[in-house]
Amino acid sequence: MSLKSRPLIVFVIWLCTWLPVLTDAGWKALWPSFVALVSVFLLNRSIAGLLTGASAGLILLADGNPFRAFVSGFQDHLIPVLQSSWNLSVLIFTLLLGGFVALLEKGGGIQALMRLWFSGKGNSKKRVQWGGYSLGLICFFDGLANSMLVGKSLAPMAEKAGVSRQKMAYIVDSTSSAVACVAVISTWIAYQLSMIREGLLQVDAASSAQPFHLFLRSIPFNYYCWFTLLLLAVVIWKGWNIGPMRPAEANPAPEATDPSDPPAPENGSALSALIPLAFLIFGLLIGLYGNGLKGGWFPLSLKKISEAYGNADAALVLVCVSAAAGLLAYGLNAAGIQKRGAHAADVFTDGVLKLFQPVLILISAWLLSSTLRELQATSVLTGLLQGNLPPATFPALVFLTGALISFSTGTSWGTMGILMPLALPVALGFTDGMLNPLIHATVAAVFSGAVFGDHCSPFSDTTIVSSISCGIEPMEHVKTQMPYALIAAGLAILLGFLPTGFGLNPYVALGLGAVALALFPTLFRAKTAP
């Protein structure tokens, strides 16, 4: 297929949107996702693909009237999306963090950190990758903040060390939602617990089972998240690059520098970067705890911290802490920036403007998601759970359904909200209300399936933010990460959810998965060796 013919194919597919208008079949609710997926893959442009899918959804909602669809796109979808406090906070946080990192880079602090990082012995490429992995684990409290913070902080180091932007985006994305989903303390916890409670209420089991207890028991069964993290460690350890990642790593993009910029000052202080970074991380941790706390700060307990993080207004905390961190970075780096003949305010503004196009990608994704919600696309996909299902295969089927929904819609929380109230009552019916491992595996399967889409869907916020924080197109990130995501998903089914349905202990399943992942690179290379 020639590059010139691809836009024409996309246009013909988009014109076919008027065919579903003539039918009442449920599948037409999935048409915008199909149009968006095909458009994004063929055009290799996220904004164009997402808006094409969104326009197809608007035409369906307007019963084929293009003029009504155009007006409705602004009145009923774009304006409400931009009025959402959470969406606005995401946009502001993303832009503020762009300016924040620009100050650290221009002031010489990032370069000083790089000199410290590479001053010892060892493979500098691996050191950068392990650094990204470790920082991703440390930023366990929020998936979106993790993606932007780790990506923007380590991207310059990665380019210096010869690590491709695709590999860094994979590292950043794999340690964002996967970590937040299994963390007892995160901005996800309240929503996860509330969804578990909704499932229990469907069968009047809320009084006999505690959502927090079920969540804790489900953590070892969250196979996709654990295998994603284990696979990433193996990939870094073995230097295992497969599929599109292989040529990307063989020919990493040259360092993105402005020829007009003078070199970074050699006397830049690492503290001018470390102090603002530490303030941002600990500010988020403390801010989320203080904002969501009901009562005194002490004594501390795991449950108290978890509940505070769950109750916190994460949107407000993200914006406030990032703004304060930006001011601190401005103060600590203004002198260093002045030595380079620039002004800190101009540097901050340039950093914000560099993320303007990525912000448009986020808005396009939200616009598509808005049309999918009104079309009730997820209700069509949840029909996969209807009917009589073998109990032993139920967790695996729940995971597959969740993965399909989350990949098609790009929303992990939306997937949890649809699946948990349906899947948990069915599982409780299989066990006659007994809270056995099948229940824990079902809860974890919902979470794992939701994270799969958050991890690799081209519509997902974290996928988009991970790619733009590392300086690549979202579709390039999706293509290079997809083989690894499919490996983790396949192992989650074959060594996790299916054996668990037949009674295998989850820790044994995790151990088998870890061994398989450690051997996989060797076996793969042996089979493909000339």
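Which residue's side chain does E249 meet in a salt bridge at 3.6 Å, N to O? The partner is K125. Bear in mind that we're looking at a predicted model here. The salt-bridge count comes to five, and here's a quick tour of some of them.

**E249 and K125**
- E249 sits in helix α15 (residues 245–250) and K125 in helix α8 (residues 124–138), so this salt bridge ties together parts that are 124 residues apart in sequence.
- With buried meaning under 20% relative accessible area, E249 makes the cut at 8%.
- K125 is partly exposed instead, its relative accessible area being 26%.

**E249 and K167**
- E249 also has a salt bridge with K167, where the side chains meet at 3.7 Å, N to O.
- This is another link between distant parts of the chain: K167 belongs to helix α10 (residues 165–174), and it's 82 residues from E249 in helix α15.
- K167 is buried, with a relative accessibility of just 1%.

**E476 and K479**
- The side chains of E476 and K479 form a salt bridge too, at 3.9 Å from N to O.
- Both of these residues lie in helix α26 (residues 474–501), three residues apart, or about one turn of the helix.
- E476 is partly exposed at 25% relative accessible area, and K479 is also partly exposed, at 33%.

**The network**
- Back to the E249 group: K125, K167 and E249 are joined into one network by salt bridges that share partners.

Conventions
Residues numbered from 1 in each chain as written. Predicted model: local features only at pLDDT ≥ 70, side-chain atom pairs only at ≥ 80, totals over all residues. Heavy atoms only, no water. Salt bridge = Lys/Arg side-chain N within 4 Å of Asp/Glu carboxyl O. Helix = DSSP H or I, 4+ residues; strand = E, 2+ residues; numbered from the N terminus. Buried < 20%, exposed > 50% of the residue type's maximum accessible area, 1.4 Å probe, protein only.
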